[in-house]
Amino acid sequence: MSRFYITTPIYYVNALPHLGTFYATVVADALARYHRARAKSVFFLTGLDEHGQKIERIAREKGMEPQAYCDGIASKFVETWDRVGISRDRFIRTTDADHTAAVLEMWKRMQANRDAGGKPDIYEAEYDGMYCVGCEEAKTEDDVILENGEKLCPIHRTPVEQIKEKNYFFNLPRYAQKLLRWYAEESDGRPPVQPISRLNEVREFVKGGLRPLSASRAAVKWGIPVPDDPQQTIYVWIDALINYVTGLGGPDAVKRGEGNGAFWPASHHLIGKDLLRFHAVYWPAMLWSAGLEPPKQIFCHGFLNVKGQKISKSIPATRVDPNVIADELGFDPLRYFVLREYALGGDGDFTYEALFQRYESDLGNDLGNLLNRTISMAHKYLGGKVPAVKPGSDPADPYVQLMPVVLGTGSVGEAWEAFSPSRALEETWKMIRAGNIYIDKSAPWKLAKSGDLRALTEVLANTCEVLRRAALFVAPAMPAAAAEILRQLGRGDDEGTWPTLDWVGWPGGILTKPKPIFPRIEADQQAALIAKWVPAEAASAPAATAASTTAASTTAAPDATPADIAIDDFAKIDLRAAKVLAAEVVPKSDKLLKLTLDVGGPEPRTVVSGIAPTYTPETIVGRTVVYLANLAPRKIRGVVSQGMILAAGDADVLGLSALDRDVPPGTRIR
Ligand SMILES: [Zn+2]
């Protein structure tokens with residue numbers, strides 16, 4: 001049986017679960033669930049990084065013992081992940097006893113390894129330099145910025161500390177060539193670090209020359225003592241990275257491939273881009289030094305901003321608490337939203353409005369509606385019993401029209417395999433939307449009227465089968481909703497199995513009573529919920545929350561108000577609802593997307609739009625936007641743009657104009 005090992009970063013215990021940690025953990029969980037459904041042996045590890053000087057200080061400031069402080073944070077994480085349905089095989093804490101054992105084992109292995117000149121990989125020397133406690137990282141002159149004669153960490157904007165002490169060092173430069181060779185290797189057609197932009201970044205870093213890595217600290221007590229030298233504490237990053245082998249039983253078990261150790265090296269480390277250097281440089285080198293293989297893949301996800309601002313404790317508006325949203329919506333819609341809305345390798349911008357838009361259109365109007373109308377009709381016309389139907393081959397049969405879409409869903413699995421949850425869900429939704437169109441076209445209510453029971457049964461059976469497949473396809477993203485769909489279809493026993501690519505027909509089921517899974521939330525209710533979710537400090541002082549670095553782009557004064565126009569002037573403007581069918585980046589441009597729009601006519605329209613800094617092709621396809629149809633065509637970068645789409649903002653696009661519910665493309669807007 002093939003194995004799949006997936007990890008999240010272990011989160012530092014200086015913060016409670018927030019949107020950023022929720023995102024990374026949900027992505028890993030969805031991938032774990034997908035691979036389990038494909039009958040792979042899966043091990044999913046997540047947890048907490050609890051050691052280090054920063055935690056020692058935070059605990060002391062709170063008048064607590066570090067362990068008691070960590071225990072409190074850990075219980076909040078476990079509680080949240082239980083609610084979110086995070087199907088981890090282990091929740092690791094770096095204060096766990098077996099982790100200490102694994103770190104010591106790893107240290108000894110590294111210390112025992114010597115280069116050709118007899119120099120051990122871990123050796124003693126003097127550290128004389130700078131350190132940022134916020135980063136828990138040594139800093140060089142190139143790393144720091146100078147402000148009022150003081151050297152600051154550019155990330156934390158706090159003064160770095162000068163340290164002069166005896167340390168143990170890891171002979172990182174010894175592994176530079178091996179790292180460069182490793183970056184050039186591929187497994188399953190993919191390089192070990194993804195996306196490629198991150199691979200290039202880390203390659204340049206290594207080419208620029210590596211320095212020995214400080215592997216211990218003298219002043220820090222909250223951590224794992226160096227073997228035979230209790231005055232020294234193992235550097236928190238060395239400690240933390242080793243969690244990935246602790247989770248599988250420690251370095252010896254991994255080396256021998258015993259028990260869960262057999263999962264190594266089938267490891268996939270999902271990380272934030274800020275952790276790239278630790279995972280793609282230090283970690284493989286540490287593993288080689290300890291006689292182990294490097295991880296199979298390191299995948300960097302982007303960061304979610306909130307309304308354009310980086311998530312930060314000090315900016316209240318960016319405090320999005322998944323628990324609070326889930327109290328009203330449940331966790332599945334939020335899970336779906338983050339997986340569908342953002343392409344995994346890129347950054348994304350979170351807004352409550354976009355969450356509600358997806359909730360209404362994708363979940364309510366597409367999936368929820370397909371389920372509800374199917375089950376309602378099955379009860380109305382067939383008493384809730386939908387028997388198994390074998391696929392026919394009469395091309396006149398309306399369900400045959402459905403087959404290409406359903407058979408095309410192999411791309412769903414391919415997208416999950418390629419770490420593209422957004423694309424996987426997009427492909428799944430093609431089938432769900434086709435299911436709704438199929439019902440519209442085959443009109444079961446007409447078949448019921450004319451008494452054609454055979455055709456009626458077939459249509460409903462086919463729709464049930466689309467729903468059954470949809471449930472299995474969305475299960476990695478929305479486990480609870482998938483289980484509920486299968487329950488309503490009378491197919492609880494299907495849970496966990498990935499559908500075959502062949503259309504074998506609906507296996508039959510006795511349906512339960514219809515129950516909306518994504519109940520409608522009216523606009524005024526949405527506004528009330530958003531008001532409730534936005535932290536009070538953010539709502540009361542919106543202007544003060546804009547970070548100074550983004551002020552230039554987001555708080556620019558609006559242009560002078562244009563002169564009044566008559567209603568006749570406005571009537572000259574032809575605004576229409578348009579659905580984005582396809583989108584691609586215009587070559588050699590970082591601002592422009594070429595959009596293909598369904599505007600209700602026989603031919604789609606092409607529009608070139610300067611929204612690329614804010615929207616990736618993945619995030620815009622499928623949306624309904626406001627389209628100015630009668631703007632004279634113009635050529636932009638060699639592409640004829642027929643009209644334009646409306647967006648908010650001046651030089652920078654801040655958001656797209658959209659409709660609060662799906663209307664047919666071409667609908668006039670006045
Ligand atoms: Zn820092």
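In what order do the four strands of the open sheet stand, and is the pairing parallel or antiparallel? The order is E5-E4-E8-E10, and the pairing is antiparallel. The views below come from a predicted model, in which local features need pLDDT of at least 70 and side-chain atom pairs count only at pLDDT 80 or more, whereas totals for chains, interfaces and linings use all residues. Residues are numbered from 1 along each chain as its sequence is written.

**View 1. The open sheet and its edge strands E5 and E10.** Helices (H or I, at least four residues) and strands (E, at least two) are DSSP runs, numbered from the N terminus, and two strands pair if DSSP finds at least two bridges between them. Strand E5 (137-139) and strand E10 (213-214) each pair on one side only. Three bridges link E5 to strand E4 (residues 122-132) in the antiparallel sense, and one of the residue pairs here is cysteine 132 with its bridge partner in E5, glutamate 137.

**View 2. Strand E1 and its parallel partner E2.** A residue is buried if 20 or more other C-beta atoms lie within 10 Å of its own, exposed if 12 or fewer, and partly exposed in between, with C-beta atoms placed from the backbone. Strand E1 (residues 3-12) has eight of its 10 residues buried, so E1 is largely enclosed by the rest of the structure. Eight bridges pair E1 with strand E2 (residues 41-49) in the parallel sense, and threonine 7 stands opposite leucine 45 in E2.

**View 3. Strand E15 with its partners E9 and E14.** Five of the five residues of strand E15 (residues 297-301) are buried, so this strand is largely enclosed by the rest of the structure. Its two faces are both covered, with Gln297, Phe299 and His301 buried on one side and Ile298 and Cys300 buried on the other. Strand E14 (residues 267-272) runs parallel to E15 and is joined to it by five bridges, with isoleucine 271 having cysteine 300 as its bridge partner. Strand E9 (residues 193-194) also pairs with E15 in the parallel sense, over two bridges, and glutamine 194 stands opposite phenylalanine 299.

**View 4. Cis peptide bonds before proline 195 and proline 265.** The bond from glutamine 194 to proline 195 is cis, with omega near -10°, and proline 195 lies in the loop between E9 and helix H6 (196-207). The bond from tryptophan 264 to proline 265 is likewise cis, with omega near 5°, and proline 265 belongs to the loop between helix H9 (251-256) and E14.

**View 5. The buried helix H12 and its packing with H13.** In helix H12 (residues 331-341), 11 of the 11 residues are buried, so H12 is largely enclosed by the rest of the structure. Axes are lines fitted to C-alpha atoms, for helices over the stretch in contact, and angles run from 0 to 180 degrees between N-to-C directions. The axes of H12 and helix H13 (residues 352-382) are 10 Å apart, at an angle of about 100°, and the two helices are therefore roughly perpendicular to each other (a term for angles of 65 to 115 degrees). Residues are in contact if their C-beta atoms, placed from the backbone, lie within 7 Å; Pro333, Tyr336, Phe337, Arg340 and Glu341 of H12 meet Ala354, Leu355, Arg358, Tyr359, Asp362 and Leu363 of H13.

**View 6. Helices H18 and H19 at their crossing.** The axes of helix H18 (residues 453-474) and helix H19 (residues 479-488) come within 8 Å and cross at roughly 160°, and the helices are therefore roughly antiparallel to each other (a term for angles over 145 degrees). The contact involves Leu467, Arg468, Ala471, Leu472 and Val474 of H18, together with Ala481, Ala482, Ile485 and Leu486 of H19.

**View 7. Positive phi at lysine 307 and alanine 443.** Lysine 307, a residue other than glycine, has phi near 45°; this residue is found in the loop between strand E16 (304-306) and strand E17 (309-310) and is buried, with 22 other C-beta atoms within 10 Å. Alanine 443 has a positive phi of about 40°, is found in the loop between helix H16 (421-442) and helix H17 (444-450), and is partly exposed, with 13 other C-beta atoms within 10 Å.

Definitions and conventions. Angles under 35 degrees count as roughly parallel, over 145 as roughly antiparallel, 65 to 115 as roughly perpendicular and the rest as oblique. Two residues are in contact if their C-beta atoms, placed from the backbone, lie within 7 Å.
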